[in-house]
Amino acid sequence: MSHAPRPRPHPRTVVGCTLLVIALAEGAVACGQDDNPLAARPYDATDQIAFNGPTREAEKADPDKPLEITARAADGRITDVTALDATGRYIAGELSADGARWHSTEPLAADARYTVRVSTEDEDGAPGRRVLSFVTGKPADKKRLTVAFGPQAGTYGVGQPLTAELSQPVKDPAQRALVERALKVESQPAVQGGWHWVDDKQLHYRPQEYWPAHATIRVHSNLDGIKIGDRLWGGAGKDLSLTIGDRVIALTDAASHTLTLTKNGEEVKRLPVTTGKPGFETRNGIKVVLGKEYFVRMRGTSIGIPEGSSDSYDLPVYYATRVTWSGEYVHAAPWSVGSQGYANVSHGCTGMSTANAAWFFDHVRQGDVVQVVNSNGRTMETFGNGFGDWNVDWKKWTEGSALTADAHKTQPDTTRLRPTAV
């Protein structure tokens, strides 16, 4: 048997003229000698499908409207549709159970060229093919959603989270999913990780475990040209590349009054320290180095201690490694050397001798992990006072994603982060 091409309707009734729609095949192709329709080369399915795109070469598709492909003939059906733009980005879609209709389920990009490949079959099961192409127009509204990634490019410790700051708030769950899906993180070596919505404008990304030592990371946004919601479109974003240094972990035990620094799994040095006294206990939990300041003027009034009270202080402090924005540091405290290793007498910071503080200052960088255990203090805040991201277990972290059903593979004010080489 041979498969003859179906008669074409009048050109005015065809949706998608040949100026915009490219046929994959012209005419009919004979079946194999075994007369099996499944052995046939795909026939031209132009007459079997209808397309809701533009019908003239100068016209452009409305990116606000979903793409729709329907089967014309009652004796044929659509079996598969793939739609992608010029960058190779696929558009998700849904095919009805009876193969009569396919429609896109996510917004089209504005001012983009798309290629759509449609597979069909007739009543005998013979396969047909059709390739469509069209261009979308520009959005009528110029309101844009842009994203700024953090921290700045540089080398960081294994605990450094990534941040994404949006220019507009996004509250709707479906819109959040669209935004999150467009924020891509790739690492070498690849690790499992995910985004977590801190609020309507800020996301943090971290792996399930700390970053591997010496990993390279690239963060990219695919938001440009994507419709997020009514009158809101994705704008261009700047890629971010950074590297991870050695695996440096500083563990402070408030009960034994020691800080132990390990590098790539090996203990490097154990230092006597003092932590917060009763009423000013040091926060428990995992923190991340935010920065290093050679000199800081520390005043009790900055943490609510009345000037002139018994706990009031005003001190010049050197070799200060910051772990919270509210003023918790690991720093030199020569006035408490007699208590270091024996008692907790500070107002919440981790104090050590000037020589030890200088050594610590020189051997840590932003993103390194500083963990406190066995303190009577509260647990480090998750967000807003630095990076307490690692105090959230992985299950709860993934619940903060708008894509909770997806598996993620990699692969405060972010302008305050400055990479520092050790």
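Histidine 331 stands opposite glycine 351 in strand S28, and this spot is a handy way into the strand network. The model is a predicted one, in which local features need pLDDT of at least 70 and side-chain atom pairs count only at pLDDT 80 or more, while totals for chains, interfaces and linings use all residues. Residues are numbered from 1 along each chain as its sequence is written, and side-chain values rest on heavy atoms, with hydrogens and water left out.

Strands and helices here are DSSP runs numbered from the N terminus, with at least two residues (E) for a strand and at least four (H or I) for a helix. Two strands pair if DSSP finds at least two bridges between them. By that rule, S27 and S28 (residues 350–352) pair in the parallel sense over three bridges. S27 (residues 329–332) is also joined to S26 (residues 314–322), this time antiparallel and through two bridges. Arginine 322 has tyrosine 329 in S27 as its bridge partner. Six residues sit between the strands of this S26 and S27 hairpin, and among the hairpin's residues glycine 327 takes a positive phi near 115 degrees.

Strand S20 makes pairings as well. With S12 (residues 155–156), S20 pairs in the parallel sense over two bridges, and tyrosine 156 has isoleucine 244 as its bridge partner in S20. S17 (residues 216–221) runs antiparallel to S20 and is joined to it by four bridges; here isoleucine 217 is partnered with leucine 242. The side chains along S20 (residues 240–244) alternate: Leu240, Leu242 and Ile244 point to one face and are buried, whereas Ser241 and Thr243 point to the other and are not. Buried means under 20% relative accessible area, exposed means over 50%, and partly exposed is in between, with a 1.4 Å probe and protein chains only.

Next comes arginine 206, found in strand S16 (residues 202–207). Arginine 206 is buried yet has no salt bridge, and the nearest side chain of opposite charge, glutamate 209, is 6.5 Å away. A salt bridge calls for a side-chain nitrogen of Lys or Arg within 4 Å of a carboxyl oxygen of Asp or Glu; for charge, Lys and Arg count as positive and Asp and Glu as negative, with His and the chain ends not counted. What the side chain of arginine 206 does reach is the backbone oxygen of aspartate 389, at 3.0 Å. Leaving aside residues up to four places away in sequence, arginine 206 touches Gly193, Gly194, Asp389, Trp390, Val392, Trp394 and Trp397, where contact means heavy atoms within 4.5 Å.

Two other buried residues have their own sets of contacts. Alanine 50, in strand S3 (residues 49–51), is buried at a relative accessible area of 15%. Not counting residues up to four places away in sequence, alanine 50 touches Glu68, Ile69, Thr70 and Arg72. Asparagine 356 lies in helix H2 (residues 354–363) and counts as buried at 15% relative accessibility. With the same sequence neighbours left out, asparagine 356 touches Lys269, Leu271 and Pro272.

The backbone has a few quirks too. A cis peptide bond, with omega about 0 degrees, joins glycine 150 and proline 151, and proline 151 lies in the loop between S11 (147–150) and S12. The bond from glutamine 188 to proline 189 is cis as well, with omega near 5 degrees. Although histidine 214 is not a glycine, its phi is positive at about 65 degrees; histidine 214 lies in the loop between S16 and S17. Histidine 257 also has a positive phi, near 60 degrees, and counts as buried at 11% relative accessibility.

Finally, the aromatic rings. Rings of Phe, Tyr and Trp (its six-membered ring) pair if their centres lie within 6.5 Å; planes under 30 degrees apart count as stacked, over 60 as edge-to-face and the rest as tilted. The count comes to 11 aromatic pairs. The rings of phenylalanine 51 and phenylalanine 134 have centres 5.4 Å apart and planes at 45 degrees, so this pair is tilted. Phenylalanine 51 lies in S3 and phenylalanine 134 in S9 (residues 127–135), so the pair ties together parts that are 83 residues apart in sequence. Both phenylalanine 51 and phenylalanine 134 are buried. Tyrosine 294 and tyrosine 319 form an edge-to-face pair, 5.2 Å centre to centre with 85 degrees between the planes. One aromatic cluster is formed by Tyr294, Phe295, Tyr318, Tyr319 and Phe361.

Notes:
A polar contact is a pair of N or O atoms within 3.5 Å; within protein, one must be able to donate a hydrogen and the other to accept it, and residues adjacent in sequence count only if both atoms are side-chain atoms.
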